[in-house]
Amino acid sequence: QVDLVESGGGSAQAGGSLRLSCVASGSLYFNNCMGWFRQAPGMEREGVAAAHIGGESTTYADSVKSRFTISQGQGTYTTLYRQRNGLKPEDTGPYLCASRPCGAGGYTLDRVAYKSWGQGTKVTVSS
């Protein structure tokens with residue numbers, strides 16, 4: 001069982017920035033991959049960023065590439081997701097982090113590959 005807790009969501013104006021954090025605990029995998037997902041109203045949950053924790057491998061959805069950054073925070077199992085300058089109203093929604101053992105598929109944006117999920121943190125971007 002892996003427990004994930006997100007924090008850092010909130011409100012921002014278009015063009016602004018937010019930093020999200022995800023802390024993992026429990027039966028963590030030796031070789032861990034983590035991802036960030038979001039779910040706009042009426043839409044399917046989409047992967048926006050994923051990383052091989054401890055390594056430098058990352059991947060991003062085209063919709064957030066060059067605007068958002070995923071990185072490892074303080075602590076082995078803390079992932080930061082920096083929504084840098086350039087937030088857009090369409091970035092609004094709950095953001096969830098997820099964890100999986102890196103293996104076939106690695107740091108993937110495919111939500112089906114992830115087994116452990118946090119409860120999410122809400123991001124609201126106003127125009």
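Glutamine 13 sits in strand 2 (residues 10-13), where strands (E, at least two residues) and helices (H or I, at least four) are DSSP runs numbered from the N terminus. The model is a predicted one, in which local features need pLDDT of at least 70 and side-chain atom pairs count only at pLDDT 80 or more, while totals for chains, interfaces and linings use all residues. Residues are numbered from 1 along each chain as its sequence is written, and side-chain values use heavy atoms, with hydrogens and water left out.

With a relative accessible area of 60%, glutamine 13 is exposed (buried is under 20%, exposed over 50%, partly exposed in between, with a 1.4 Å probe and protein chains only). Leaving aside residues up to four places away in sequence, glutamine 13 touches Leu87, Val125 and Ser126, a contact being heavy atoms within 4.5 Å. Serine 126 is 113 residues away from glutamine 13 in sequence, yet their C-alpha atoms are 4.8 Å apart.

Strand 1 (residues 2-7) shows an alternating pattern: Val2, Leu4 and Glu6 point to one face and are buried, whereas Asp3, Val5 and Ser7 point to the other and are not. Strand 1 runs antiparallel to strand 3 (residues 18-26), with six bridges joining the two; strands count as paired if DSSP finds at least two bridges between them. Glutamate 6 has cysteine 22 of strand 3 as its bridge partner.

Cysteine 22 brings in the disulfides, of which the structure holds two (a disulfide is a pair of cysteine sulfur atoms within 2.5 Å). One of them joins cysteine 22 to cysteine 97, with an S to S distance of 1.9 Å. This link is right-handed, at 55 degrees about the S-S bond. Cysteine 22 belongs to strand 3 and cysteine 97 to strand 9 (residues 93-101), so the bond ties together parts 75 residues apart in sequence. Cysteine 22 is buried at 0% relative accessibility, and cysteine 97 is buried at 1%.

The sulfur atoms of cysteine 33 and cysteine 102 are also 1.9 Å apart and form a disulfide. Here the torsion about the S-S bond is about 110 degrees, so this disulfide is right-handed. Cysteine 33 lies in strand 4 and cysteine 102 in the loop between strand 9 and strand 10 (116-117), which puts the linked parts 69 residues apart. Both cysteine 33 and cysteine 102 are buried. Counting bonded cysteines along the chain, the disulfide pattern is 1-3, 2-4.

Strand 4 (residues 32-38) pairs with strand 5 in the antiparallel sense over six bridges, and arginine 38 has glutamate 46 of strand 5 as its bridge partner. Strand 5 (residues 46-52) is mostly covered, with five of its seven residues buried. Strand 5 also pairs with strand 6 (residues 58-60), again antiparallel, over three bridges. Within this pairing, alanine 50 is matched with threonine 59 of strand 6.

Overall, the protein chain has zero helices and eleven strands. Its radius of gyration is 13 Å, close to the 14 Å that the globule rule gives for 127 residues, so the chain is as compact as a globular protein of that length; the radius is taken over C-alpha atoms, and the rule is 2.2 Å times the number of residues to the power 0.38. The C-alpha trace spans about 40 × 30 × 25 Å along its principal axes. Buried residues account for 41% of the 127. Of the contacts between residues at least 6 apart in sequence, 59% join residues at least 24 apart.
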